[in-house]
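Trainee: I am new to this structure and would like a close look at a single part of it. Could you take me slowly through the barrel and the contacts around it?

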Amino acid sequence: MSKTVRISLTLAVVVIALLAGQWIWSHYMYSPWTRDGRVRADVITIAPDVSGWVTELDVKDNQHVNKGDVIFTVDSTRYKATIAQLEAQVESDRYSLELAKHQYERRKKLSTNGKLVSDETAESARIKTKLAEAALKLSEAKLQAAQIDLERSVIRAPADGTIINLTLRQGNYVSKGKSVLSLVKDGSLYVTGYFEETKVPMIHVGQTATITLMSGGKPLTGKVTSIGKAIADTNTNGNSQLLPQVQQTFNWVRLAQRIPVDIQLDSVDKNVNLSAGMTVSIHMNQEQEQ
């Protein structure tokens with residue numbers, strides 16, 4: 001092989017290497033893509049609205065449920081007794097109101113006909129009637145609240161979905177308002193990609209994206225639904241006087257911040273197993289300008 005041919009081949013290899021390096025650099029720096037993506041979902045935390053012992057547990061971990069299905073039941077003995085007590089109180093208050101109305105009407109007539117009783121006595125009877133009415137409304141409201149507690153001793157699924165992280169067991173004591181399990185809502189899976197701020201100008205709402213699962217398989221597709229408008233800034237923390245605590249050091253190597261971008265998935269094949277929390281790579285499809 002002549003010297004000229006060798007030099008030509010060497011130069012060609014160098015040029016190809018430079019072009020390939022430039023393409024890789026441009027793709028890495030300016031193409032809107034990221035390996036930092038996660039599959040996410042709408043997760044509903046379920047907490048009882050009443051306290052008590054769990055008498056029945058009707059679901060298992062990772063079980064699918066429909067909206068309205070019973071998940072678990074809290075002991076309702078105390079709530080039934082409260083309702084019985086308040087029903088008796090309501091009945092008593094009704095009789096008290098009836099008696100107060102009767103006394104008021106009688107004193108009102110006596111006050112009108114010949115002033116057999118004073119106006120003050122008649123007015124007192126009227127006020128007692130109003131107090132009896134208020135007492136009846138109060139006891140009826142308490143009864144209604146107790147009936148709500150009894151109804152909510154049966155905890156039902158708020159939406160179609162899958163039960164997650166079920167550690168609750170029959171016999172456990174649950175407290176009002178304290179979450180005991182989670183439900184992943186059906187059809188709520190989406191992807192959030194964290195893109196470097198230098199690539200955000202090349203992303204817009206409605207842009208199509210190609211999503212590749214870390215587990216492999218056929219890529220998924222989707223569209224951008226939103227771009228994050230704010231991320232945490234450590235310099236915004238304040239001290240006891242609400243003054244900003246600015247960092248005393250500055251790193252000469254500045255790393256691009258990552259901005260969350262939400263992507264709604266297109267229809268996903270039933271054979272694809274998607275779980276919230278999975279890692280994905282995302283590549284934004286750059287559309288040609290019209």
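Mentor: Happy to; what follows is a walk through the barrel, then a look at some charged pairs and a second sheet.

This is a predicted model, in which local features need pLDDT of at least 70 and side-chain atom pairs count only at pLDDT 80 or more, while totals for chains, interfaces and linings use all residues. Residues are numbered from 1 along each chain as its sequence is written, and side-chain values use heavy atoms, with hydrogens and water left out.

Let's start with the barrel. Its 6 strands close up in the order E1-E10-E13-E12-E11-E14, with antiparallel pairing. On average, neighbouring strands of this sheet are turned by 40° against each other, direction ignored. For that angle, axes are lines fitted to C-alpha atoms, for helices over the stretch in contact, and angles run from 0 to 180 degrees between N-to-C directions. As for the names, strands (E, at least two residues) and helices (H or I, at least four) are DSSP runs numbered from the N terminus. Two strands count as paired if DSSP finds at least two bridges between them. In general, strands of a sheet pair through backbone hydrogen bonds, either parallel or antiparallel.

A good place to stand is strand E10, residues 190-196, where 6 of the 7 residues are buried. Buried means under 20% relative accessible area, exposed means over 50%, and partly exposed lies in between (1.4 Å probe, protein chains only). On one pairing, E10 is joined by 4 antiparallel bridges to strand E1, residues 33-40, and here threonine 192 of E10 has arginine 38 opposite. E10 also pairs with E13, again antiparallel, over 7 bridges; in this pairing arginine 258 of E13 stands opposite glutamate 196.

That last couple deserves a second look. The side chains of glutamate 196 and arginine 258 also form a salt bridge, at 3.6 Å from N to O. The contact links distant parts of the chain, since glutamate 196 in E10 and arginine 258 in E13 are 62 residues apart. A salt bridge here is a side-chain nitrogen of Lys or Arg within 4 Å of a carboxyl oxygen of Asp or Glu. Glutamate 196 is buried at 16% relative accessible area, whereas arginine 258 is partly exposed at 37%.

Moving on around the barrel, E13 (residues 258-265) pairs with strand E12 (residues 220-227) through 5 antiparallel bridges. There, lysine 223 has glutamine 264 of E13 as its bridge partner.

Back at arginine 38, you will find another salt bridge, this time with aspartate 36 at 3.8 Å from N to O. Arginine 38 is partly exposed at 32%, and aspartate 36 is partly exposed at 28%.

The whole structure holds 5 salt bridges. Among them is one between arginine 94 and glutamate 140, with the closest N and O atoms 3.6 Å apart. Arginine 94 lies in helix H2 (residues 77-112) and glutamate 140 in helix H3 (residues 119-151), 46 residues apart in the chain.

Finally, there is an open sheet of 4 strands, ordered E2-E9-E7-E4 and paired antiparallel. Its edge strands, E2 (43-46) and E4 (64-65), each pair on one side only. E4 is joined to strand E7 (residues 161-164) by 2 antiparallel bridges, with glycine 161 in E7 as the bridge partner of valine 65.
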